[in-house]
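Subject: The model, and some notes on it

Hi,

Here is the structure I promised to pass on. My notes follow it.

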Amino acid sequence: MAASPSPGAPGSSQEKKSAAPAAPLTRSALQALLLTASDLGPGYVAQPTDPAAPSADEESSEAHGCPALQAMDQQNITFPAQVEQAFSAQGNSRQQVDETLGSDTPAKLDATLSKISQAYRSCQSFTVNGVTATINVIDPPALGDQRFGYVMTIAAPSGTTAIKGLAIREGSVILMLSGDPAVVDRALLAAFDKVRSRASKTG
């Protein structure tokens, strides 16, 4: 993921310096901010999620050749309050997007975002289950207070797959999207508007 500004390049943070830090949200408050299938348009359905049961990919995937990403995976970054939801297009499981919302103090969220950024910036490529993945850091849309983005290209024998990841902090909430680049782009504004709407009420 050309060199780009440091992740989390300030958005409107200069204007917010005098404001009190936003208070973290509860899990139930975050749940109300998740996308719904209707936000993505016709043809998309929500997938069942079970945070207590890691997927087979999560259990077996390990980023060989990139110590920073490997260490981050082992640390299993989570937030005090966190919710997740996945969506896919009916009849096309490749058109998928995963959304994670987390909440903590802005300072702690920025520290986590910085850690994620440094890990992805530390390696241009790595292997997962014998398949090569390359990372391209990107400049995400100028949304929120801090942000980071990347596109990962996975070259497998069956074909090449691109995965886009975006992480945006708005106040005390971090929004993370990953999946098919076109679906991530489709979901971004709706997902961010929900988070921003809540932040404007509590800020």
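In α6 (106-121), the buried residues (under 20% relative accessible area, 1.4 Å probe, protein chains only) are Pro 106, Leu 109, Thr 112, Leu 113, Ile 116, Ser 117, Ala 119 and Tyr 120. Seen down the helix axis, they fall within an arc of 165 degrees (taken from the directions from the axis to the C-beta atoms), so they line one face of α6. Ala 107, Lys 108 and Gln 118, on the other side, are exposed (over 50%). The buried residues of α6 pack against several elements, among them α5 (67-75), β3 and β8 (173-179). Helices here are DSSP runs of H or I with at least four residues, and strands are runs of E with at least two, numbered from the N terminus.

Please keep in mind that this is a predicted model: local features need pLDDT (the predictor's confidence in each residue, from 0 to 100) of at least 70, side-chain atom pairs count only at 80 or more, and totals for chains, interfaces and linings use all residues. Residues are numbered from 1 along each chain as its sequence is written, and side-chain values use heavy atoms, leaving out hydrogens and water.

The chain averages a pLDDT of 84, and 82% of the residues score at least 70. Over residues 1-18 the pLDDT is below 50, though this stretch has 40 contacts (heavy atoms within 4.5 Å) beyond near neighbours in sequence.

Asp 104 sits in the loop between β3 (92-103) and α6. Beyond four places in sequence, Asp 104 is in contact with Pro 24, Pro 80, Leu 109 and Ser 172.

Best wishes
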